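Reader: I should like to examine the terms applied to this model and the grounds for each. Please take them in turn.

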Amino acid sequence: MTDWLFLIPAFPLLGALINALFGEQLGPRWCGRLATAMPFFSSLVVLAIWLGPGTQPALLERLWTWMAVGDFRVDVTLRVDDVSLVMISIASFVGFLIHLFSQQYLRGDYGERRYYFYLNLFVAGMLVLTMANNLLLLYLGWETVGLCSYALISHWYREAENAWAGRKAFVVTRIGDTTLLLGIFLLFAQYHTLTITSLLPLVAAHPAPALLLAASILILIGAYAKSAQFPFHIWLPDSMAGPSTVSALIHAATMVTAGVYLCIRLLGLFAAVPGMLEVIAVLGAWTAFFAASCGLAQVDVKRVLAYSTISQLGYMFMGVGIGAPSLGLFHLLVHGCFKALLFMASGAIILIYADDHDIRHMGGLKYRQPFLRWTFLAGIFALAAVPLISAAFYSKDAIINASFLVAGGGVPYALGLSGAVLTAGYAFRLYFLVFEGKPSELEEPYQMGWGMKIPLAILAAASIGIGWLQFPPGWPGPHLWVHWLAPELGLPPRPIGLEGGLLTLVGALATFLGIALGYWAARRERDGRGLSRWRFLASGWWIDGTILRVVPAPFYALARLLRGGVENLGVQALAQGGLRDGLRLSASALARGENGLASRYAVSMIAGLLLLLLLIWSWPL
């Protein structure tokens, strides 16, 4: 089985290669079919791992030596353990469903072939990132998904704001990519290895406090930028300029979760720095609360979901920070299903409303699109963590409740619980405005084919049922997830008995309070007095605008200084200008000598001869 691991990233990579070389001959339709088949084949290999040998011990496949210089050696080795098995399952299978949905959703688009090329390449990059056994190979996958993200966000680049959104995402994530690389350099300088399984034991055995602090901060910035965490979240709402399927794949199920995955994979590094995990927990909880408050005032259907993604990722980081990485990974799996569902469904909604994204112009869609209504509602249930019948009730609430048990967990618990109220509020505000009320006159006839319905149905079922893998402690039923991951990630703190029951009850009440808030907010929105009028919330606490005014200004000033002082004065005026003027003067002097007078030629020859004799006479023997 270990000899087949390379097939998992190889299939989508092959699809991108065939598309690049022969896509023009195949045509957009066959390019789409080929691109869809590739992640499906990857999913079959992943399924064979689930059904076959399992990942205890981890599966390893060494492909070749990438580079070897002296003692420095980097092998291209793929590794599949329990954590990476979850990630490659999401990337391959959810990726396949999104490819399948795209067949009808993007049919006839002017960039169809380019779209499928980058989509396949993105899935391949994500699979390399999650299967890498060393940090350099992980970084290769990290950069690949970043490049594809830029290209896919800018897919409709003929509109200037879409191209600008792509550049904004690229620049912000580039900051994190750079700090991540610097962090990797620091770790290599100290421990002389990039292999993750060798590095972490060395960190534990030979801690270097100052260096580990610097490396962990740099790597954490990289994770935060990739996962759009406060204050690096500013690129994600604008990245909704891309197709909804891109948002489903990149900004819900895969790329934005890479930062969480990196923190879980390098948990030993962060644990070796006193106070670092507490910082991760507080920042995660704060991001969850902050983004949820912004989601309450958005009117663009996709921006509501974008802020919800930022918020839900905050809960995952919070799980890592409180010492419950298995619960963070559980919520990552659940979130990948219901958020991909909601983004794809929102794409259909936007098509129905003639490319109008404003939820204030919608309403009553349940009467004409009952299938879309029920699948969307399943995703809303999961997003709001409706008790018992939604997967997030068993994943997100487990993180919030666990935070109550850890030392110093009061702040994360309060922020997480407040965020849960707001989450249910914006989730049901979105549902009530789009599907309830009087039917809007702006609807256009639109019929979803089975290629769109099947992915929505599968993800809706997962959004409800996948949470039943892990019931709360003390409840009858399965408790599979945390025990399965315990050998690798340990057991998380779990409230039991009366304390556990009370915390679960408080979490359920928070959800119902949020649903009431959503109903109230939707009614006020229809009356023209909704939360969208609160500019503070609608603008994301003015953080994006403030950063755009403050941060780029010094860089523009530095760029102007370099252009005026170094390029114009130093390079062009002094270097290029001096050389040009020197050559001009030399040419002028030579031109004066070339005047046709034999007497001047003779004087020049005599002067040269005297100069030569003077040099010979003065040369030391």
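Reader: What makes up the secondary structure of the protein?
Author: In this predicted model, the secondary structure comes to 25 helices and two strands. A run is called a helix only if it has at least four residues, whereas a strand needs at least two.

Reader: How many of the residues are buried, and why are they called so?
Author: Of the 621 residues in the protein, 55% are buried. They are called buried because each has under 20% relative accessible area.

Reader: What share of the contacts joins residues 24 or more positions apart?
Author: Such pairs account for 79% of the contacts with a separation of 6 or more. Each counts as a contact because heavy atoms lie within 4.5 Å.

Reader: Which atoms supply the exposed area, and how are the charges placed?
Author: The protein exposes about 26300 Å², and 70% of this comes from carbon and sulfur atoms. Its side chains include 39 positive and 32 negative ones, with the centres of the two sets 6 Å apart. Histidine is in neither set, because His is not counted.

Reader: Why is a space in the structure called a cavity?
Author: The term applies because a 1.4 Å probe fits there but cannot get out. The structure holds three cavities of 30 Å³ or more, and the largest has about 60 Å³ of space.

Reader: Which residues line the largest cavity?
Author: Among them are Arg79, Asp81, Thr130, Asn133, Tyr261 and Arg265. Helix H4 (112-131), helix H7 (196-205) and helix H11 (258-265) each give two or more residues to this lining.

How values were computed. Residues are numbered from 1 along each chain as its sequence is written. This is a predicted model: local features need pLDDT of at least 70, side-chain atom pairs count only at pLDDT 80 or more; totals for chains, interfaces and linings use all residues. Side-chain values use heavy atoms; hydrogens and water are left out. Buried means under 20% relative accessible area, exposed over 50%, partly exposed in between (1.4 Å probe, protein chains only). Accessible areas come from the Shrake-Rupley method with a 1.4 Å probe; for residues, only the protein chains shown count as cover. The place of a charge is taken as NZ of Lys, CZ of Arg, CG of Asp or CD of Glu. On a 1 Å grid over the protein atoms alone, a cavity is a set of points where a 1.4 Å probe fits but cannot get out, and a pocket is an open set with protein on both sides within 12 Å along at least five of seven lines; lining residues have an atom within 4 Å of a point. Grid points are joined across faces, edges and corners, and a volume is the space filled by probe spheres set on the points.
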